[in-house]
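Thank you all for coming; please have the sequence and the structure open while I talk, and stop me whenever something is unclear.

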Amino acid sequence: MDDHLRGAALAGAFHADVVRPLLAEAMPRLRYAAARLGSGSDVLGFDDVMSRDHDWGCRLTLLVDDPGAVPVVGRLLERGLPGHYRGYPVRFPVTWDASDTHNVEVATVAGFCRSRLGLDPTRALSAVDWLCLTGQSVLEVTAGPVFEDTTATLAPVRATLRRYPPDVERYVLAAWWRRVSQWMPVAGRTAARGDGTGSRILGARLAEDLCRLAFALSREWAPYAKWRGTAFARLDIAGALEGPLAAAVAEPRWQDREQALAEAVLTLSRLQRRRGLPVPDPAVIPFWDRPYRTVDEGLSAGLLAGVRDPEVAALPPGAGSVEQWSDNVDVLTAPDRRTALAAAYRAWIGGDARTGGDAGVSRDAGPGRSRPGPQGGTDHGP
C-alpha cells in the first residue's frame, strides 16, 4: 500500500479501472457522474496516513438523473465489484454501517444533495434555504473531485452553490461584523478588571470570528473546525491575517491583543472595500470614552443598506446564518435539524423582525462613534 496515496486519487483510479468498465459493459447508455463527494478528509484533500483508521478507502459517489437507475446500479455493483483493488478492500465497515459492504454510494443528484444539505438545490433556493446551509455541508457537495459527469444536474448544482446570492452574502457579512463589534471592547474590559483568562478566551473567540469572516469576504465556504485553519491558510488574504490573529490569541498584554484585533479588522475592511462593498472611515473606533476600541457599526449597517431582497431585509440584522447562531455539532451536522431552524427565520420574517433589532444601538454625540447598549449585548452595565 502507498503511504502517499490520497483518498481522492484512490477513488479516481478505482472508478477508471473497475467501476467505469463495469458500467460501460452492463449499462452503456447510463448517464451518470462519478466523484468523491460527501464526508471524509479526502474530499477536502486533507487526508494523510492517520486518516486511514476509519471511513477511508475505495469510496466513490455515483450520481444519476433517473431515480429508477439507482437500484439497478446498486445491484450491479454488489454483484460485480471485486474483493480488493490495489491491495485495499472494496468492502469494509464505516462508522454509519458496520457491515462489510462496498462503499460506492449510488443516488440521484437531488437525493444526494438532500442527504448533505437538507434541501434540493436543483430547484430555486430561497434566502432562508441559503441561511440554513453550513460551509461543511456545501463542501461535501462542491469540494471533491468529479471524475466523469454526463448528468444534466450535477454541474449546475455545484455552480449554484459556489457562493451566496449577493443580498444573502451582505446579510451574513453584516452579522459577522456585528458579532465582532459586540465582543471586541469586552476583551479589554475583562482584562482591566483582572480577568486575564476571560480576556484571552474572548480574544480567541474574536480571532475565530475574524477568520470565518475572511472566508466569507473571500467567497469561500469554511469547513468544520478540524480543517478550518488548514483551509484558511490557502486563502489569498491569509498571509496578511495570520500574524494578527495569532497575536490576538497569544500576546500577554490585552492592549497588544486588542491592537492585533484592530489590525485584522482593518485588513478585512480593506478587502471588503476592494470587493466594492461599503466601509466606513475609520472602521475601528473608540468605545464610549473608555480605553477600548470596537468596530464601527457602519461596517454592518452599510452592508444591510444595500439589501434589496424583501425576504432578507425582513430578517433581524444580527442573526445571520445557522452557523452564526449555533456551534452545536449535533445540530449543524444533521441536515434535518438545520432545516427545521427555517421555522425561526420564517417567524422572524412573518413578524416585525426589525423591532428591537437595532434597539441596543444609538449614535454618540461625536461623529462616527457607535454606542452599543445593553440590548446589543456589548456592555451590560458600567
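Which elements each supply at least two residues of the lining of the second largest cavity? Before I answer, please keep in mind that we are looking at a predicted model. The elements are α8, α9 and α12, and among these it is α12 that gives the most, with four residues. The space in this second largest cavity comes to about 60 Å³, and its lining is made up of Met184, Ala187, Gly188, Ser199, Gly203, Ala248, Trp254, Arg257, Glu258 and Leu261. If you sort those residues by character, five are nonpolar, three are polar and two are charged.

Let me now step back to the cavities in general. When the whole structure is searched, three cavities of 30 Å³ or more are found, and the largest of them holds about 260 Å³ of space. This largest cavity is lined by 18 residues, and those closest to its centre are Tyr164, Ala216, Glu220, Trp221 and Ala222. Two or more lining residues come from each of α8 (166-192), α9 (196-217) and α15, with α8 providing the largest share, namely four residues. Here the lining divides into eight nonpolar, three polar and seven charged residues.

Next, I would like to turn to a helix, α6, which covers residues 135-142. How many of its eight residues are buried? Eight of the eight are, so the helix is largely enclosed by the rest of the structure. You can follow them one by one as Gly135, Gln136, Ser137, Val138, Leu139, Glu140, Val141 and Thr142. The cover over these buried residues includes α2 (41-44), α4 (109-117), α7 (154-160), α15 (322-325) and α17 (335-340).

The cysteines come next, and a search of the whole structure finds zero disulfides. Cysteine 113 is in no disulfide, and the nearest cysteine sulfur to it, which belongs to cysteine 132, is 16 Å away. Cysteine 132 is likewise in no disulfide, with the sulfur of cysteine 113 as its nearest, at 16 Å. A disulfide would need the two sulfur atoms within 2.5 Å, so at 16 Å these two cysteines do not count as a pair. As for their surroundings, cysteine 113 is buried, with a relative accessible area of 0%, and cysteine 132 is buried too, with a value of 2%.

Finally, there are some details of the backbone that I would ask you to find in the loops. In the loop between α12 (254-274) and β7 (284-286) you will come to proline 282, and the peptide bond that leads from aspartate 281 to this proline is cis, with omega near 5 degrees.

Which residue in the loop between β3 (84-85) and β4 (88-89) should we look at? The residue is arginine 86, which has a positive phi of about 55 degrees although it is not a glycine. Arginine 86 counts as exposed, because its relative accessibility is 52%. Tryptophan 288, in the loop between β7 and β8 (293-295), also has a positive phi, near 50 degrees, and is a residue other than glycine. With a relative accessibility of 31%, tryptophan 288 counts as partly exposed.

That is where I will stop, and I am happy to go back to any of these places in the model with you.

Note on methods: Residues are numbered from 1 along each chain as its sequence is written. This is a predicted model: local features need pLDDT of at least 70, side-chain atom pairs count only at pLDDT 80 or more; totals for chains, interfaces and linings use all residues. Side-chain values use heavy atoms; hydrogens and water are left out. Buried means under 20% relative accessible area, exposed over 50%, partly exposed in between (1.4 Å probe, protein chains only). Contact means heavy atoms within 4.5 Å. On a 1 Å grid over the protein atoms alone, a cavity is a set of points where a 1.4 Å probe fits but cannot get out, and a pocket is an open set with protein on both sides within 12 Å along at least five of seven lines; lining residues have an atom within 4 Å of a point. Grid points are joined across faces, edges and corners, and a volume is the space filled by probe spheres set on the points. Ala, Val, Leu, Ile, Met, Phe, Trp, Tyr, Cys and Pro count as nonpolar, Asp, Glu, Lys and Arg as charged, and the others, Gly among them, as polar.
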